Structure formats: C-alpha cells, structure tokens
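Colleague: I am new to reading structures, and I would love a close look at a single part of this one. Could you pick a spot, tell me what surrounds it, and then follow the chain outward from there?

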Amino acid sequence: WVCCSCGDLPLGPQEVPDAVRRLRAAIAALPQNWIVVIDTDHLAKAPVSELAFCSASKLVLPLSIDDNDFSRLFIDPTGNALFDVLEALEGREPGWLQAKVHKVVFNSILHYQNAPSQNDGVSLPFTPAKACIQQMKNMCDQMYSVHEADDKLVRFFSEGHKCGSVEDFRARYFSGMRKASEIVMNASKLLGCPICVLPSGPIAIDALSCNIDAKVLGALQNEVDLLTRSVFS
C-alpha cells in the first residue's frame with residue numbers, strides 16, 4: 001500500500017520524473033500478489049497525482065452524483081480537471097502516462113434496498129433510489145459522449161477499444177457505494193477498524209457508546225466485498 005496526501009512533496013518539479021521512475025521500479029519489484037493503492041485525494045495536478053498516474057496501471061475514480069463535481073473532471077479553473085491533466089501527461093513523452101480509468105465508483109448513493117441491482121447496464125451491489133439511478137445514467141452517458149471522439153476511449157480507459165456503445169461503457173466502467181449509516185461510519189473511524197472487519201453489537205468509544213445492528217452491518221459488509229471484487233478484477 002502507498003498512501004499519499006496532496007501536501008507539498010519534498011521534491012522540486014525537475015525531480016518528479018526521477019521519483020516516478022523509482023516508484024515504477026519499486027512496484028515492479030513487488031511479488032505478483034501485491035496490490036498497491038495510491039490515494040491522491042482530489043488535486044489531479046498535484047505532484048503526488050503525477051506519481052500515481054505515471055506509476056499505476058489502473059485509475060479508480062470516486063465520483064459523487066453532484067453535477068458540479070462531475071463538471072470539474074473536465075473544466076476546472078485551478079487546473080485540476082482530471083482529463084486535462086491526463087492528456088497533458090500523455091503528451092509529455094510516449095509511455096509517460098500509465099494509468100487508465102479502470103472503474104468509476106459513484107459514492108454516498110441513497111439506497112432503497114440491500115439487494116444487488118442492474119440499472120441500464122450499471123451494476124451495483126445494492127438497489128439505489130430511482131432518482132439516483134437516473135442521475136448516474138445521465139453522468140455515464142455524458143462521459144461517454146465526451147470521450148467517444150478523438151480516440152479518447154482507447155487513450156484514457158482500460159479496454160476502451162471494446163466499448164462499441166454507451167451500454168457497453170456503462171457496464172464496463174461504473175459501479176457504486178451507498179451512503180452508509182453514520183453510526184457505522186463513526187465507529188469505523190473512531191476505532192480505526194475497516195468496515196469489512198467491524199464487529200456488530202454494543203461498542204463503547206471514550207464517552208460515546210452505540211449499538212451496531214448485525215443485519216445492517218452484514219449487508220454493508222457484503223456490498224463492500226462485492227464492490228472490492230469489482231474494482232480489483
């Protein structure tokens with residue numbers, strides 16, 4: 001695991017290419033069963049993001065269903081529009097950009113039922129509210145329309161050459177994570193315990209005490225497992 005923040009790196013701009021080559025070599029030297037995750041936060045133009053985009057093979061993009069968040073993938077006055085940054089890195093030299101979009105994960109989605117669902121090609125480990133389904137579908141279709149020209153599906157998406165339609169695009173790249181219970185999220189953060197191994201039942205954390213329902217937690221843990229398998233497939 002490699003966890004990065006978007007704070008200043010102790011590197012000058014001219015030192016970043018060497019850091020990228022070192023990180024690539026370090027990742028290549030790991031055993032085949034290792035998975036390295038680089039967390040770049042939201043600043044696509046930050047040096048740690050360049051390290052990630054130029055060293056990793058897969059880009060997993062968390063995305064809310066807020067239209068403003070979606071628009072910032074393409075237009076950002078601070079220079080952090082993701083696809084502009086990827087295009088700039090691609091043009092720097094052949095092979096400099098390595099990461100391609102592998103999965104887009106809609107997050108904090110209002111859910112209706114715990115059962116997995118298929119929604120116009122978008123596979124989710126839960127059943128979302130109808131209004132959320134339409135918004136996700138609209139964003140999928142907008143992203144496809146932006147990238148179907150200029151060979152951008154092939155340039156910026158893993159296996160983009162296999163997407164012959166917007167339906168293929170939705171099915172290949174999009175999934176989601178529902179909005180979880182605040183009690184579960186707070187317990188996970190305060191205990192420093194991932195949701196996937198969080199125990200159910202009464203929990204006391206300093207002055208805070210709560211009871212985590214086993215059925216609610218079990219459903220969420222199952223959804224996390226399904227999503228993880230999808231992301232790392």
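Modeller: Happy to! Let's start with the lining of the largest cavity, to which β7 (122–124) and α5 (130–147) each supply at least two residues. Please keep in mind that this is a predicted model. The count comes to one cavity of 30 Å³ or more, and the largest cavity has a volume of about 30 Å³. To find its walls on your screen, select Asn119, Val122, Leu124, Ile133, Met136 and Lys137. Of the two elements, α5 gives the largest share of this lining, with three residues. What kinds of residue make up the lining, sorted by class? Four are nonpolar, one is polar and one is charged.

Now let α5 lead us outward, to a sheet. Three strands form this open sheet, in the order β3-β4-β9, and their pairing is parallel. At its edges lie β3 (58–63) and β9 (174–178), each of which pairs on one side only. On average, neighbouring strands here are turned by 25 degrees against each other, if direction is ignored. As a general point, strands of a sheet pair through backbone hydrogen bonds, either parallel or antiparallel. Look closely at one pair: β3 and β4 (residues 100–109) run parallel and are joined by six bridges. If you would like a place to begin tracing them, take Lys58, whose bridge partner in β4 is Lys100.

Here α5 comes back into view. This helix packs on the sheet and touches β3, β4 and β9, and its direction makes about 155 degrees with that of β4. So what do we have for α5? The helix both contributes to the cavity lining and packs on the sheet. Another helix, α7 (residues 166–173), also packs on the sheet, touching β4 and β9. The direction of α7 makes about 75 degrees with that of β4.

One last stop is a pair of helices. Helix α2 (residues 47–55) packs with helix α4 (residues 82–90) at an angle of about 65 degrees, and their axes are 11 Å apart. The crossing of α2 past α4 is right-handed. Which residues meet there? From α2 come Glu50, Phe53 and Cys54, and from α4 come Leu82, Val85, Leu86 and Leu89. By class, this contact has six nonpolar residues, no polar ones and one charged residue.

Key:
Residues are numbered from 1 along each chain as its sequence is written. This is a predicted model: local features need pLDDT of at least 70, side-chain atom pairs count only at pLDDT 80 or more; totals for chains, interfaces and linings use all residues. Side-chain values use heavy atoms; hydrogens and water are left out. On a 1 Å grid over the protein atoms alone, a cavity is a set of points where a 1.4 Å probe fits but cannot get out, and a pocket is an open set with protein on both sides within 12 Å along at least five of seven lines; lining residues have an atom within 4 Å of a point. Grid points are joined across faces, edges and corners, and a volume is the space filled by probe spheres set on the points. Helices (H or I, at least four residues) and strands (E, at least two) are DSSP runs, numbered from the N terminus. Ala, Val, Leu, Ile, Met, Phe, Trp, Tyr, Cys and Pro count as nonpolar, Asp, Glu, Lys and Arg as charged, and the others, Gly among them, as polar. Axes are lines fitted to C-alpha atoms, for helices over the stretch in contact, and angles run from 0 to 180 degrees between N-to-C directions. A crossing is left-handed if the near helix is turned anticlockwise from the far one by less than a right angle, and right-handed if clockwise. Contact means heavy atoms within 4.5 Å. Two strands pair if DSSP finds at least two bridges between them.
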